[in-house]
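Q: Hi, I have a model open and could use a guide. Can you walk me through it?
A: Happy to, here it is.

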Amino acid sequence: MKYHYRLAPMTLDVLVLTVILLLIPVAIQVWVLVVSLSLLVPLLFIYGIYAWDWLRFRPSRFVIDEDALEVVWPLKRRRIRRADIEDVRLTDRRALRRELGWGFRVGAGGLGGAFGWLWTQRRGPVQMYVSRNRDLVWIEMGDARPWLITPERPGEFIQRLSTERSAEERM
């Protein structure tokens, strides 16, 4: 049995930032069409970055099955073996700050969320794929880099991943 969870809806602050960022190329395109072609190359560059962000950085869904958690992007997939997952829990920004210290993002951010690495003071890099700043799911994987994600229905996601993992460990 497979269980599918989309990336969670954006919180208002992330949505506002996304809308602002989407208006930038629109304004440049109006300039290109009305005033001058001088900004055509920067416009195409921005469209390329936005497409790359949406297709390669922003996951569309998380799939839990008997063997793995699969993270699905429009142009790639990554399977995390269930046996490699040591812990999965709900957390928030304050708890992360206490646990990880300061951090900075390496990757894409602002357009639909934050995706890539969160480089942290105490843990080094964390794989981060978040579309909101609440209901964060922390996935601990022993020696491997931990993951921070925001699936829809995080409580159900955690329960399903923990339950399925527990059943697998009993076998």
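Q: Thanks! Let's start with Arg89: what is its bridge partner in β9?
A: The bridge partner of Arg89 in β9 is Trp138. Keep in mind that this is a predicted model.

Q: And how do β5 and β9 pair overall, and over how many bridges?
A: Strand β5, residues 87-91, pairs with β9 in the antiparallel sense, over five bridges.

Q: Is β9 mostly covered or open?
A: Covered, for the most part: β9 spans residues 136-140, and five of its five residues are buried. Leu136, Trp138 and Glu140 point one way from the strand, while Val137 and Ile139 point the other way.

Q: What joins β9 to β10?
A: Three bridges join β9 to β10, which is residues 147-149, and the two strands run antiparallel. Within that pairing, Val137 stands opposite Ile149. The two strands form a hairpin with six residues between them. Gly142 sits in the turn and has a positive phi of about 60°.

Q: Zooming out, what is the strand order in the sheet?
A: Six strands form an open sheet in the order β5-β9-β10-β8-β7-β6, with mixed pairing.

Q: Why is one side of β5 and of β6 left without a neighbour in the sheet?
A: Both stand at the edges, and each has a single partner strand, so one side of each is left without a neighbour there. As for twist, neighbouring strands of this sheet are turned by 20° against each other on average, ignoring direction.

Q: How many bridges join β6 to β7?
A: Seven bridges join β6 to β7, residues 114-120, and these strands run antiparallel. Gly107 stands opposite Gly116 in β7.

Q: Which strands does helix α2 touch?
A: Helix α2, residues 40-57, packs on the sheet and touches β6, β7 and β8. The direction of α2 makes about 105° with that of β6.

Q: And which ones does α3 touch?
A: α3 also packs on the sheet, touching β5, β7, β9 and β10. The direction of α3 makes about 35° with that of β9.

Q: While we're on α3, what caps its N-terminal end?
A: Asp92 does: a side-chain oxygen of Asp92 lies 3.2 Å from the backbone nitrogen of Arg94. The helix covers residues 93-100 and is followed by Gly101, whose phi is positive, near 75°.

Q: New topic: which residues touch the most other members of the largest nonpolar core?
A: Leu69, Ile139, Trp147, Ile149 and Phe157 do, out of the 21 residues in that core. β1, β2, β3, β9, β10 and α4 each supply at least two residues of this core.

Q: What is in the second, separate core?
A: That one has 10 residues, including Leu96, Leu100, Leu118 and Val126.

Q: Back to Leu69, what is in contact with it once you leave aside neighbours within four places in sequence?
A: Quite a list, including Phe62, Ile64, Arg82, Ile139, Phe157 and Leu161.

Q: Leu161, then: where is that residue found, and why does it count as buried?
A: Leu161 is found in helix α4. Leu161 counts as buried because its relative accessibility is 0%. Not counting residues up to four places away in sequence, Leu161 touches Ile64, Leu69, Arg82, Ile85 and Val88.

Q: How many residues apart in sequence are Leu161 and Glu66?
A: They are 95 residues apart in sequence and 9.3 Å apart in space, C-alpha to C-alpha.

Technical notes:
Residues numbered from 1 in each chain as written. Predicted model: local features only at pLDDT ≥ 70, side-chain atom pairs only at ≥ 80, totals over all residues. Heavy atoms only, no water. Buried < 20%, exposed > 50% of the residue type's maximum accessible area, 1.4 Å probe, protein only. Helix = DSSP H or I, 4+ residues; strand = E, 2+ residues; numbered from the N terminus. Pairing = 2+ DSSP bridges. Polar contact = N/O pair within 3.5 Å; in protein donor to acceptor, adjacent residues only side chain to side chain. Axes fitted to C-alpha atoms, helices over the stretch in contact; angles between N-to-C directions. Contact = heavy atoms within 4.5 Å. Core = buried A, V, L, I, M, F, W, Y, C linked by side-chain atoms within 4.5 Å.
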